[in-house]
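Subject: Structure for you to look at

Dear colleague,

I am handing over the structure we spoke about, and what I found in it follows below. Please have it open beside this message as you read.

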Amino acid sequence: MSENAPVKINRSLHWYAMLTAFFTFLLLGAGGLVTSHEAGMSVPNWPNSFDYNMFLFPPSKWIGGIFYEHTHRLIASGVGLMTTILAVWVWLKDSRRWMHWVGTAAFLLVVAQGVLGGLRVVLADAQLGIFHAIIGQLFFVLTAAIALFTSRWWQNWENFQHPTFNKQQPTVGDRPHAGKLDVGCSLRRLVLLTTILIFCQLVIGASMRQQHAGLSIPDFPLAYGKIWPDTSTAAVQSYNEHRMNVIAENPITAFQIVLQMVHRLVALVIFVLIAACAWQAWRQLGRKDPLAKFALFWLILILGQALLGAATIWSNKAADVATAHVLGGALSLVTGALWYIIAFRRSAALPEIAPATTISGAYGGAPAMAANK
Amino acid sequence: MLAGVPVTQAADIIGTITLNGTPPPEVPYTPLMNDPTCGAMYKTAPTTHFYAVGPNRELADVIVSLKDVTGKSTGANQPPVTLDQKGCLYVPQILAIQTGQKLVVKNSDSCIHNVHCVPAVSGNPESNQVQMPGGADLTYTFSKPEMFMKFKCDVHPWMFAWVSVIDSPYYGISDQAGKFVIKNVPPGKYTVQADHRKLGTLTKEVEVKDTDVTVNFAFDVK
């Protein structure tokens with residue numbers, strides 16, 4: 001079926017997909033709490049919880065780290081079930097063939113993620129925890145994308161015309177601006193690059209968290225009182241002598257210190273790139289364009305995320321703050337990914353729209369658009 | 001320590017460990033106090049004792065051993081060493097065993113613990129086992145020497161013990177007075193190694209003849 005052909009809208013499916021994405025977000029938070037509380041191995045076996053079936057494990061025994069690990073498993077089971085239903089529902093009720101494969105991919109990914117989480121426990125392999133964290137982020141992007149694809153908004157062709165098209169001339173500040181429907185290739189590339197960089201940043205963050213060594217640098221914005229910390233053997237020995245962590249009591253290494261510095265620098269680059277994306281979107285698309293507003297939201301989100309990163313250090317990696325930082329990273333990734341998907345859809349949908357400089361062409365492009373339909 | 005091992009001529013290496021400088025202040029186990037079960041066992045929060053320093057700067061919990069003396073273990077013939085979980089803390093937090101010697105982990109608490117052993121040396125297997133209140137003791141042996149192997153409880157993530165595995169009977173742990181003894185060392189030249197989990201390692205050369213040898217170490221807080 002052609003992407004542009006009318007599709008029967010299934011509102012229930014969309015709301016269910018939204019719910020699945022929401023619970024996936026909660027699941028990421030639950031997983032973040034497990035690592036933040038150093039509780040990942042508190043239930044030593046899997047899929048059973050101690051000597052109980054996972055679903056029959058008495059709440060009276062959900063103590064200490066067990067609470068975080070066990071609730072994570074339960075929420076994960078729920079998301080797995082929801083994803084299975086979603087995949088079947090999409091197969092049965094969504095007429096778009098490609099959506100069947102997107103649903104299937106979600107199902108396979110959630111199964112792989114569940115098995116990976118179990119293997120991380122059974123094999124006691126902290127490296128698997130990094131993959132588990134990263135796949136969780138990718139799965140969240142996928143569920144959010146399914147929610148987008150099943151929305152009435154996505155399937156309503158009119159939404160991929162400029163919102164002010166033929167109604168009100170869009171402006172940039174006080175200047176008239178062409179009502180562009182597509183998003184410039186350079187802007188899309190910039191958003192894609194930024195989103196990929198956010199993903200890399202999440203990989204770095206997951207690697208830092210899975211070291212189980214607490215904060216490798218305890219101060220911010222400086223690092224051990226300097227712009228770039230001393231990572232000599234003597235300096236690292238001194239840092240370890242003065243670390244008095246109650247939990248996550250692994251000694252830190254020079255590598256971990258450098259990794260956190262890279263995390264900080266990449267965060268700065270991401271902030272600059274998102275600011276550039278927002279500015280370019282505002283300038284190219286006009287301030288009333290939904291994507292320009294979405295880019296502004298992205299910028300605000302990344303500002304909050306930077307603040308949470310700083311708060312993670314200032315709070316000595318308090319579990320709730322660190323977990324909020326993980327969730328902020330997930331939202332930043334999803335925002336970038338959905339922005340790109342929407343921009344790609346808009347641009348792919350209307351290739352013949354006149355460039356921004358030809359205002360009359362853009363406003364007179366209705367027949368061409370109709371032809372595209 | 002050397003029961004069953006014939007030693008013709010031997011002497012002890014004795015000494016005292018001290019600490020120069022002021023270590024960082026110990027911190028209270030706040031998460032322990034926030035746990036309903038564990039917190040109920042204490043009126044005030046217990047604190048860490050990363051630096052067990054006496055009134056005259058004596059330093060406890062330092063493992064003193066003979067560097068590069070391996071393959072001499074008598075661990076298989078020695079009685080087990082016990083590591084207890086009591087008051088939601090490991091007791092003791094620093095201990096040493098020989099390769100092949102049994103380490104028995106008990107749970108004296110009224111709550112679940114998991115005993116998660118995290119070796120860093122290949123050949124010493126990682127394991128993670130549940131120990132219910134009143135449950136059977138868990139027994140471990142390790143075949144490879146390793147300093148400060150981590151034992152932890154993930155249910156109560158502030159619980160740590162650090163077990164050093166030494167491939168000979170020639171080691172001691174400094175006590176509250178900072179004193180240690182390595183018993184029945186055969187005559188010869190040795191490098192004596194003092195390891196503190198936070199402060200690192202110091203070494204000194206000694207020659208053992210037929211009388212006790214004194215070796216003192218002074219760690220510095222950097």
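What percentage of the 222 residues in chain B is buried? Before the answer, please bear in mind that this is a predicted model. Buried residues account for 41% of chain B.

As to its fold, chain B has two helices and 17 strands. Its radius of gyration is 18 Å, close to the 17 Å that the globule rule gives for 222 residues, so chain B is as compact as a globular protein of that length. Along the principal axes, the C-alpha atoms of chain B fill a box of roughly 55 × 40 × 25 Å. Among the contacts in chain B with a separation of 6 or more, 64% join residues that are 24 or more positions apart.

Turning to the interior, the largest nonpolar core has 61 residues, of which Leu59(B), Val64(B), Phe151(B), Val163(B) and Ile182(B) touch the most other members. Strand β11 of chain B, residues 160–166, gives the most to this core, with six residues. Phe151(B), leaving aside its neighbours within four places in sequence, is in contact with residues including Leu83(B), Tyr90(B), Phe160(B) and Val163(B). A second, separate core has 60 residues, among them Leu13(A), Val34(A), Ala39(A) and Leu291(A).

Finally, where the chains meet, 24 residues of chain A are in contact with 29 residues of chain B. On the side of chain A that touches chain B, α7(A) gives the most, with six residues, and by class that side has eleven nonpolar, nine polar and four charged residues.

With best regards

Note on methods
Residues numbered from 1 in each chain as written. Chains lettered and ligands numbered in written order. Predicted model: local features only at pLDDT ≥ 70, side-chain atom pairs only at ≥ 80, totals over all residues. Helix = DSSP H or I, 4+ residues; strand = E, 2+ residues; numbered from the N terminus. Rg over C-alpha atoms; globule rule 2.2 N^0.38 Å. Buried ≥ 20, exposed ≤ 12 C-beta atoms within 10 Å, placed from the backbone. Contact = placed C-beta atoms within 7 Å. Nonpolar A, V, L, I, M, F, W, Y, C, P; charged D, E, K, R; others polar. Core = buried A, V, L, I, M, F, W, Y, C linked by C-beta atoms within 7 Å.
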